[in-house]
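Q: Please take a close look at the interior of this model. Which parts pack together there, and how are the rings and strands arranged?

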Amino acid sequence: MKSKVSALMDGELDQQDVSNIIEAIKKDNDLRDEWKAYHVIGDALRQSSRLSMNISASVNQKLKAEPTILSPHNSSRNVEKKQTHKVLAFSMAASVIAMVSGWVIMNNLYKPQQVMVAEQSKRDNNLTATPITVSSPPLIHNYSHPPVEMNDYLFVHREFSPGITMNGQVTNVNNVTEYHERYGR
Amino acid sequence: MISRKIFALLSLFLLLVVSLQTAVAQELSRSTQSALGWLKKMAEAPRRHNYSGTFVYYADGHIETSRIVHKAGSTGEYEKIEVLDGLPRIVFRNNDEMQCYLPESKRIYTEKRWFRKFFPDILPLPLDNVDENYFVKEIGRERIADHECQVLSLTPRDSLRYGHKFWIDTATGVPVKVAVIDGNQIIEQFAFAQLEIDGGIPSSQLKPNQSLISGEWETTKLLTSILGEGELPWQVKSFPAGFRKLIEMKRNLTEKPVLVDHIAVSDGLATVSVFIEPISKDAPSPVPGFFTSRGAINIYVRTLNDNKITTVGEVPLETIKLIGDSVVKKD
């Protein structure tokens, strides 16, 4: 069935098959995901201004859930063909994130003037994910002792930007991720 | 076979992204004069009108309610903002002079040169380069807190900044609701739950009442000394696209006797503050890294020789890092 989804995308099905597969997609969540994944890939390749969906979370989850996906040693040709599509779908989608994220990091570190490219593509792909996406789950923990001056800084900064933070409030300061972990230096 | 296919696809994708860079950058057209007109009206309105009401700040599932009374007259602006949730905080303002009362700790912070940026007075004047960095668009009318509002969306022209959405009272221009948007998600918002514009405001409402000022209060004067071009030993060497330096200052902080250097950077709407201070030998050494606070605020800490550079602002982490990393010591 899944190979039919890709065939549908490529316009290779006849009228009857088209109706059948569309019906099937409507009913089957897996097929619908498959359909979305193909669209995401298509959008990425066409560099559409908006990807069909935000895939970062689900792709990550799928990659974790299906670790064997990258070893397609199947004897049956038919199965192999299916697997190819699947591998392509997910590895492509994952690569989009990986590349975009990689670029963000590289541009930040070495070519700040180029950040627009990476940043732009990141936004256009609607991948709100930061470079954290490709690494292990980020270390988000409460910063147990936020430096005293952090509150001061926030307070003073508010002079220039609207906000509610006024001194005296314990601000919810979290360490997003370790510097070294994120930038490896 | 598969890996070659993937490789080919990846290369193609790479090529496309690079070649389409220019096209993408020009995707959004200029904002219309009409939309920019609303923005101007919104920037000026809070300084011209009386208003009183209750507004709600919402971010990350956290809600904070405040009451505001604002009076505009021949002698300037008077304002009182009282935070109703959590620790009580009451701010009185007369033009540039600000007093912040913290009744729990019996502390008062005063500042003579406050640049006033509290909701709903959030836009800088003059509105310089907003159109260069955001596509401003009118997107219909909505009724908010019983006020007919013009809805305005500000889409960032790149991902170095967040998007914004404003709901502007059509009669006066006072913003009734504002939201900061990342992609399709609202990450921070202020909204009036109740608002009266142009009503009469007795001046007694704008002064600390007797019960507040009784007892012993510890007053801390916040001092700011605005510096001329190049007086600070620091420099933000390169700004991310659309950002420029607003002002350079030296100032004291509430908890510290030493003066810290403060550089404010803006893209016309979003502002980033860079604080530089020597690392104190007594204090624990600073942890470089990224921090978030509530809402749209991001924080980046790094060290440079024996100094700590803290960059704070309502912009994405990448922008914070670009600005923080480009701080250099002048020769």
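A: **The interior of chain B**

The largest nonpolar core has 65 residues, and those with the most contacts inside it are B:Leu39, B:Leu123, B:Leu152, B:Leu154, B:Phe166 and B:Ile263. Such a core is a set of buried Ala, Val, Leu, Ile, Met, Phe, Trp, Tyr and Cys residues joined through side-chain atoms within 4.5 Å; buried means under 20% relative accessible area, exposed over 50% and partly exposed in between, with a 1.4 Å probe and protein chains only. Helix α3 of chain B (residues 33-48) gives the most to this core, with six residues. Apart from it lies another core of twelve residues, among them A:Met150, A:Tyr153, A:Val156 and B:Ile297. In soluble globular proteins, nonpolar side chains tend to be buried together.

This is a predicted model, in which local features need pLDDT of at least 70, side-chain atom pairs count only at pLDDT 80 or more, and totals for chains, interfaces and linings use all residues; side-chain values use heavy atoms, with hydrogens and water left out. Residues are numbered from 1 along each chain as its sequence is written, while chains are lettered from A and ligands numbered from 1 in the order in which they are written.

B:His164 is found in strand β9 of chain B (residues 163-169); helices (H or I, at least four residues) and strands (E, at least two) are DSSP runs numbered from the N terminus. B:His164 is buried, with a relative accessible area of 14%. Leaving aside residues up to four places away in sequence, B:His164 touches (heavy atoms within 4.5 Å) B:Tyr134, B:Leu152, B:Ser153, B:Leu154, B:Ala179, B:Val180, B:Ile181 and B:Leu269.

Strand β20 of chain B (residues 307-313) has seven of its seven residues buried, so it is largely enclosed by the rest of the structure. Both of its faces are covered: B:Asn307, B:Ile309, B:Thr311 and B:Gly313 are buried on one side, and B:Lys308, B:Thr310 and B:Val312 on the other. Strand β17 of chain B (residues 271-278) pairs with β20(B) in the antiparallel sense over seven bridges, where pairing requires at least two DSSP bridges. B:Phe275 has B:Thr310 as its bridge partner in β20(B). Strand β19 of chain B (residues 298-304) and β20(B) also pair in the antiparallel sense, over seven bridges, with B:Gly313 the partner of B:Asn298. β19(B) and β20(B) form a hairpin with two residues between them, and B:Asn305 in the turn has a positive phi of about 50°.

Turning to the rings, there are ten aromatic pairs over all chains; Phe, Tyr and Trp rings (for Trp, the six-membered one) pair if their centres lie within 6.5 Å, planes under 30 degrees apart counting as stacked, over 60 as edge-to-face and the rest as tilted. B:Phe55 and B:Phe119 have ring centres 5.0 Å apart and planes at 70°, so the pair is edge-to-face. B:Phe55 lies in strand β1 of chain B (residues 51-59) and B:Phe119 in the loop between β6 (107-111) and α4 (130-133) of chain B, so the pair ties together parts that are 64 residues apart in sequence. B:Phe55 is buried at 2% relative accessible area, and B:Phe119 is buried at 1%. B:Phe290 and B:Tyr300 form a stacked pair, 4.9 Å centre to centre with 20° between the planes. Both B:Phe290 and B:Tyr300 are buried.
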